[in-house]
Amino acid sequence: MMNTVNYVKCFLRDKNVASITPTSPFGVKRVCKKIDFSKARLIVEYGPGTGVFSEFLLQNMHPAAHLVLIERNPDMFKCLKKSFPDERVHLFNDSAENIGELINGQWNNKPDYVISGIPFSYLPDNIRQNIVRQTHQALGDKGKFLAYQTFCQKDDHLLVHLEQFFRRVTSEFELLNIPPMRIYEAIK
Ligand SMILES: C[S@@+](CC[C@H](N)C(=O)[O-])C[C@H]1O[C@@H](n2cnc3c(N)ncnc32)[C@H](O)[C@@H]1O
């Protein structure tokens, strides 16, 4: 995985990297507790960064399941490519809002879960809404969108958009992370 110096360089060059440290193991487990790994066959991750979630997902996923990683930063993308030679991984150097065209027709089933670490607060409102709309459209029936953000997120940044498209939305906090996280679970 990417070392700390290179991670900090990415953070300094690209404001969309947004967080000075990768998510803690507590944060990763807290989000991934919401996944039923015995049933999931297609999982999508937006903004995997150094791959802390990707690694946990691959360790716990069914051998026949696939993991689609969509990472916009080219340096992070190159490192992910080296770190995860696993044939279940499908990597795209692209932006989350293109999920529909990226996965279209490639798998028999729609994603069971989309996990997102992208910083919604940094995005213009129309892009936030578009990402949530595209994600809802791409997910399978009863699929879940699991998005984590820093704890100080305003409801306008993400919650209002999730509530506009998803049937059920809840949020909770994980304090054992720097900074503490707000985790959203949105069910289609
Ligand atoms: C806060 S970091 C999270 C990294 C990692 N998931 C973690 O939990 O440590 C945000 C990541 O999202 C990526 N990113 C930002 N906007 C994106 C977008 N629109 N589509 C895909 N990736 C994006 C950044 O390059 C960065 O890797």
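**View 1. The second largest pocket holds about 150 Å³ of space.** Welcome to this predicted model; we start with its second largest pocket. The residues lining this pocket are Asp 36, Lys 39, Ala 40, Asp 112, Tyr 113, Lys 142, Gly 143 and Lys 144. Sorted by class, that lining comprises five charged residues, two nonpolar ones and one polar one. Keep Lys 144 in mind, since this residue returns in a later view as a member of a salt-bridge network.

**View 2. The largest pocket encloses about 790 Å³.** Here 46 residues form the lining, and those nearest the pocket centre are Val 17, Ala 18, Gly 117, Ile 118 and Pro 119. Three elements each contribute at least two lining residues: helix α3 (52-60), helix α6 (125-138) and strand β5 (144-150). Which of the elements gives the most to this lining? Strand β5 does, with three residues. As for chemistry, the lining is made up of 25 nonpolar, 16 polar and five charged residues.

**View 3. Phe 151, Phe 173 and Leu 175 make a nonpolar surface patch.** The patch covers about 330 Å². To find Leu 175, look in the loop that runs between β6 (168-174) and β7 (181-187). Is Leu 175 buried or exposed? Leu 175 has a relative accessibility of 64%, so this residue counts as exposed, the cut-off for that class being over 50%.

**View 4. Lys 34 pairs with Glu 172 in a salt bridge.** Side chains of opposite charge can pair when their charged atoms come close. In this pair the closest N and O atoms are 2.9 Å apart. Glu 172 belongs to strand β6, while Lys 34 sits in the loop between α2 (25-32) and β1 (42-46), so the salt bridge ties together parts that lie 138 residues apart in sequence. The two partners fall into separate accessibility classes: Glu 172, at 22% relative accessibility, counts as partly exposed, whereas Lys 34 is buried, with a relative accessible area of 15%.

**View 5. Lys 34 also forms a salt bridge with Glu 185.** For this pair, the closest N and O atoms are 3.4 Å apart. Distant parts of the chain are linked here too, with Glu 185 in strand β7 and Lys 34 in the loop between α2 and β1, 151 residues away from each other. Are these two partners buried or exposed? Both Glu 185 and Lys 34 are buried.

**View 6. Within helix α6, Asp 125 and Arg 128 are joined by a salt bridge.** Their side chains meet at 3.0 Å, N to O. The two residues are three apart along the helix, about one turn. Asp 125 counts as partly exposed because its relative accessibility is 43%. Arg 128, by comparison, counts as buried, with a relative accessibility of 9%.

**View 7. Salt bridges that share partners join six residues into one network: Arg 30, Lys 34, Lys 144, Glu 172, Glu 174 and Glu 185.** Several of these residues will be familiar by now. Lys 34 bonds in salt bridges with Glu 172 and with Glu 185, and Lys 144 is one of the residues lining the second largest pocket. To round off the tour, how many salt bridges does the model contain? The count comes to ten.

Key
Residues numbered from 1 in each chain as written. Predicted model: local features only at pLDDT ≥ 70, side-chain atom pairs only at ≥ 80, totals over all residues. Heavy atoms only, no water. 1 Å grid on protein atoms, 1.4 Å probe; cavity = no way out; pocket = protein on both sides within 12 Å on 5 of 7 lines; lining within 4 Å. Points joined across faces, edges and corners; volume = space filled by probe spheres on them. Helix = DSSP H or I, 4+ residues; strand = E, 2+ residues; numbered from the N terminus. Nonpolar A, V, L, I, M, F, W, Y, C, P; charged D, E, K, R; others polar. Patch = residues over 30% accessible without salt bridge, like charges linked within 9 Å, V, L, I, M, F, W, Y side chains within 5 Å. Areas by Shrake-Rupley, 256 points an atom, 1.4 Å probe, with all protein chains shown as cover. Salt bridge = Lys/Arg side-chain N within 4 Å of Asp/Glu carboxyl O. Buried < 20%, exposed > 50% of the residue type's maximum accessible area, 1.4 Å probe, protein only.
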